[in-house]
Amino acid sequence: MERVPVILLRDEVKHLLHYKDLIPRLESALAGFSRKNCTEIIQPVRSVVPIRKHDGYMGVMPAYMEQEGILSTKIVCFYKREDGSTLPSSQATVLLFDPEYGHVKAIMDGEVITSMRTAAVSAISAKLLMPAQAEVLAILGTGREALGHYHVFTEIFSFKEVRVWGRRRERAEAFSRSVTGPVKVCVSVEEAVKDADAIVTVTGSTQPILFGKWIKPGAHVAAVGACRPNWRELDDELMREAVVYVESRESATIESGDIILSGATVFAELGDVLNQTRPALREKTTVFKSLGSGFEDAVSAKLVFDQWEAKERVL
Ligand SMILES: NC(=O)C1=CN([C@@H]2O[C@H](COP(=O)(O)OP(=O)(O)OC[C@H]3O[C@@H](n4cnc5c(N)ncnc54)[C@H](O)[C@@H]3O)[C@@H](O)[C@H]2O)C=CC1
Ligand SMILES: O=C(O)C1=NCCCC1
């Protein structure tokens with residue numbers, strides 16, 4: 001029998017995926033991934049094909065979770081875009097397979113998944129590592145990931161002040177107008193991060209934009225951009241003085257320019273903290289260097305598919 005995959009477009013994925021389901025699933029997947037001798041989650045480091053002519057990369061991100069019966073791969077194309085470019089800086093599709101037979105069960109939009117799971121993992125890092133009674137959140141960058149981070153951080157935490165900085169002030173102002181809560185537009189990174197408790201860097205920068213000397217001791221930084229080994233968002237001082245957490249040590253030492261070029265040491269994976277095998281050093285300045293993992297896409301895609309199937313059953 002020929003099996004036809006279901007195609008789930010952006011709006012449907014958006015409708016089916018919710019942070020309240022996603023966050024606990026990601027927490028258990030991060031913990032599973034970091035368990036000693038983990039055989040449940042098979043995930044090679046992302047394969048990256050340079051698309052030199054267009055200043056871009058294609059990342060292929062497979063993952064297999066045997067117990068959960070999840071086999072998937074995300075294919076994401078991402079680009080270094082010049083200021084003012086109207087082209088998208090990344091596009092992604094997730095394929096969900098039947099692990100027993102190998103056929104494709106679903107082809108779904110990967111952009112909502114990328115943005116929600118990335119923001120959710122940063123929020124998990126903040127839950128574990130941000131100072132207690134955090135009052136000020138600073139978001140550096142005004143694009144798609146910035147918006148995702150705004151939504152989940154304001155949904156699960158209660159900040160007294162949210163600030164945004166963007167290279168182009170009009171984009172930061174547009175960002176501030178596009179969300180429902182109050183957001184203070186800052187003219188410089190330094191102004192945005194002064195005395196901030198939580199800082200999210202979500203830019204396409206390839207050079208440091210955030211400097212350790214501007215940051216309040218004890219602040220938590222979720223560093224989401226700079227996912228190539230020669231790209232940076234954070235300076236050497238911040239990387240060397242902060243306690244650094246990652247999703248995967250293996251990926252971090254291959255893909256993160258902030259880690260490789262600063263010579264910083266990785267203290268723990270987030271999963272180690274969730275498994276209580278490494279401590280959450282909340283009182284110290286902490287950096288979560290996010291790179292994105294195939295297993296995060298895998299559990300997100302499964303949630304979307306299960307929700308879709310449940311809806312179909314009712315109809
Ligand atoms: N860690 C992860 O799992 C993921 C990381 N990313 C990365 O996050 C970053 C942001 O992605 P999106 O929001 O989707 O992109 P976007 O294109 O929607 O937004 C990029 C933002 O960065 C700013 N920007 C670009 N170049 C800059 C520079 N040189 N200095 C300062 N700001 C600059 C832009 O003005 C814009 O505000 C990218 O580097 C992307 O590759 C994206 C998805 C997942
Ligand atoms: O995990 C992802 O998805 C991405 N990571 C880094 C660059 C763009 C997409």
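Which residues are the closest to ligand 1, and how many surround it? Here are my notes on this one, with the reminder that the model is predicted.

1. **The ligand shell.** Ligand 1 is surrounded by 25 residues, and the closest are Ser 89, Gly 143, Gly 204, Gly 225 and Gly 292. Sorted by class, this shell holds 14 polar, seven nonpolar and four charged residues. If you want to look at helices here, go to α3 (111-129) and α4 (144-156), as each supplies at least two residues of the shell. The largest share, three residues, comes from α4.

2. **Strand β11.** Next, have a look at β11, which spans residues 198-201 and is covered on both faces. Ala 198 and Val 200 are buried on one side, while Ile 199 and Thr 201 are buried on the other. This fits a general pattern: in a regular strand, side chains alternate between the two faces of the sheet.

3. **The partners of β11.** Strand β8 (residues 136-140) runs parallel to β11, and four bridges join the two. Within that pairing, Ala 138 stands opposite Ile 199. Strand β12 also runs parallel to β11, again joined to it by four bridges. There, Ile 199 stands opposite Val 221. Ile 199 is thus a handy residue to click on when you trace these strands: its opposite numbers are Ala 138 in one pairing and Val 221 in the other.

4. **On to β15.** From β12 (residues 220-223) you can step to β15, since four bridges join these parallel strands. Ala 222 has Phe 288 as its bridge partner in β15. Strand β13 (residues 243-246) is likewise parallel to β15 and joined to it by four bridges. In this case Val 244 is partnered with Val 287. As for the side chains of β15 (residues 286-289), Thr 286 and Phe 288 point one way, Val 287 and Lys 289 point the other way, and all are buried. Do note that Lys 289 is included among those buried residues.

5. **Val 193.** Is this residue buried or exposed? Val 193 counts as buried because 24 other C-beta atoms lie within 10 Å, where 20 or more are needed. Val 193 belongs to helix α6 (residues 189-193). Setting aside neighbours within four places in sequence, Val 193 is in contact with Ala 138, Ile 199, Leu 210, Trp 214 and Ile 215. Two of these names came up above, as Ala 138 and Ile 199 stand opposite each other. Leu 137 is 56 residues from Val 193 in sequence, yet their C-alpha atoms are 8.2 Å apart in space.

6. **Two positive phi angles.** Asp 55 has a positive phi of about 55°, although it is not a glycine. Asp 55 sits in the loop between β3 (47-51) and β4 (56-65). It counts as exposed because it has 11 C-beta neighbours inside 10 Å, and the limit is 12 or fewer. Ala 226, also not a glycine, has a positive phi of about 50°. You will find Ala 226 in the loop between β12 and α7 (236-241). With 28 other C-beta atoms within 10 Å, Ala 226 is buried. So the two residues have opposite settings: Asp 55 is exposed, whereas Ala 226 is buried.

Conventions: Residues are numbered from 1 along each chain as its sequence is written. Chains are lettered from A and ligands numbered from 1 in the order in which they are written. This is a predicted model: local features need pLDDT of at least 70, side-chain atom pairs count only at pLDDT 80 or more; totals for chains, interfaces and linings use all residues. A residue is near a molecule or strand if its C-beta atom, placed from the backbone, lies within 6 Å of it. Ala, Val, Leu, Ile, Met, Phe, Trp, Tyr, Cys and Pro count as nonpolar, Asp, Glu, Lys and Arg as charged, and the others, Gly among them, as polar. Two strands pair if DSSP finds at least two bridges between them. Two residues are in contact if their C-beta atoms, placed from the backbone, lie within 7 Å.
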